[in-house]
Amino acid sequence: MKLSPSLLSADFGRLLDEALSVQAHVERFHWDVMDGHFVPNLTFGPPVVNALRNRLALPFDIHLMIDSPAVYAPQFDVRPQDTILFHIESDDAPERVLEAIARTSASAGITLRPGTSLQSIAPYLDHVSMVLVMSVEPGFGGQAFIPEALDRIRALRQLIGDRAIEISVDGGINAQTIRSVIEAGADIAVAGSAIFGASDRVAVIAELRKAAA
Ligand code: DX5
Ligand code: ZN
């Protein structure tokens, strides 16, 4: 299992220090980019993520909860191990977004809201290396895990077949829910409030790994 802490729940005044406080204990970093249109919340965009890119060693997963992802994806200074994830419900044609991400050094990933049909992403699976299953409605950290995500992970495993695609799960992941998502077939667990809401992040990360094992 890989852990990808979401910086959404970190102290934005100390973003670099917050990321560094967990970097030695996790596999990736998850950046929640929100535009106040696609979701009713605003966070950060390319200038902030790019400023941190060269200061951190781990791969970035950039979760675009925005409209016009084809316009903004190329503005991220990404590396080959990074992934840019876009929502199938965004207002750009998926083909255009995939073309835009292909012009960067990153891999493409796709994600969908809890209520969106899994079939909607099926035509694009040959062009992505990661699918992000949302286990909360996108927009805010600290929400409760939606249990229907477990059936969705299992169905997605079937749909993926033998393609080399990692399944990541995002929303409501904590020591109580992490085992179920790994058992259902997830490769990567995203956790925001569970990690950055705790004073001892390293202890929480160890607890998450123990709960998942
Ligand atoms: C929600 C974001 C998540 C969020 C998860 O829109 O996509 O990445 O940070 O937060 P927790 O782990 O607190 O549910
Ligand atoms: Zn996210």
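What follows is a short dialogue on reading the ligand site and one aromatic pair in a predicted model.

Colleague: What should I know about the model first?
Modeller: It is predicted, so local features need pLDDT of at least 70 and side-chain atom pairs pLDDT 80 or more, while totals for chains, interfaces and linings use all residues. Residues are numbered from 1 along each chain as its sequence is written, and side-chain values use heavy atoms, without hydrogens and water.

Colleague: Which residues come nearest to ligand 1?
Modeller: A residue is near a molecule if one of its heavy atoms lies within 4 Å of it. Around ligand 1 there are 20 residues, and Asp32, Gly139, Asp170, Gly192 and Ser193 come nearest.

Colleague: How do those residues divide by type?
Modeller: Ala, Val, Leu, Ile, Met, Phe, Trp, Tyr, Cys and Pro count as nonpolar, Asp, Glu, Lys and Arg as charged, and the others, Gly among them, as polar. The shell holds eight nonpolar, 10 polar and two charged residues.

Colleague: Which atoms make polar contacts with ligand 1?
Modeller: A polar contact is a pair of N or O atoms within 3.5 Å. Polar side-chain atoms of Ser6 and Ser193 lie 2.8 Å and 2.5 Å from an oxygen atom of ligand 1. For Gly172, a polar backbone atom is 2.8 Å from a ligand oxygen atom. With accessible areas from the Shrake-Rupley method and a 1.4 Å probe, the protein covers 100% of the 380 Å² that ligand 1 has on its own.

Colleague: How is an aromatic pair read?
Modeller: Rings of Phe, Tyr and Trp (its six-membered ring) pair if their centres lie within 6.5 Å; planes under 30 degrees apart count as stacked, over 60 as edge-to-face and the rest as tilted. There are five such pairs. Trp31 and Phe44 have ring centres 5.8 Å apart and planes at 75°, so their pair is edge-to-face.

How values were computed
Chains are lettered from A and ligands numbered from 1 in the order in which they are written. A polar contact is a pair of N or O atoms within 3.5 Å; within protein, one must be able to donate a hydrogen and the other to accept it, and residues adjacent in sequence count only if both atoms are side-chain atoms.
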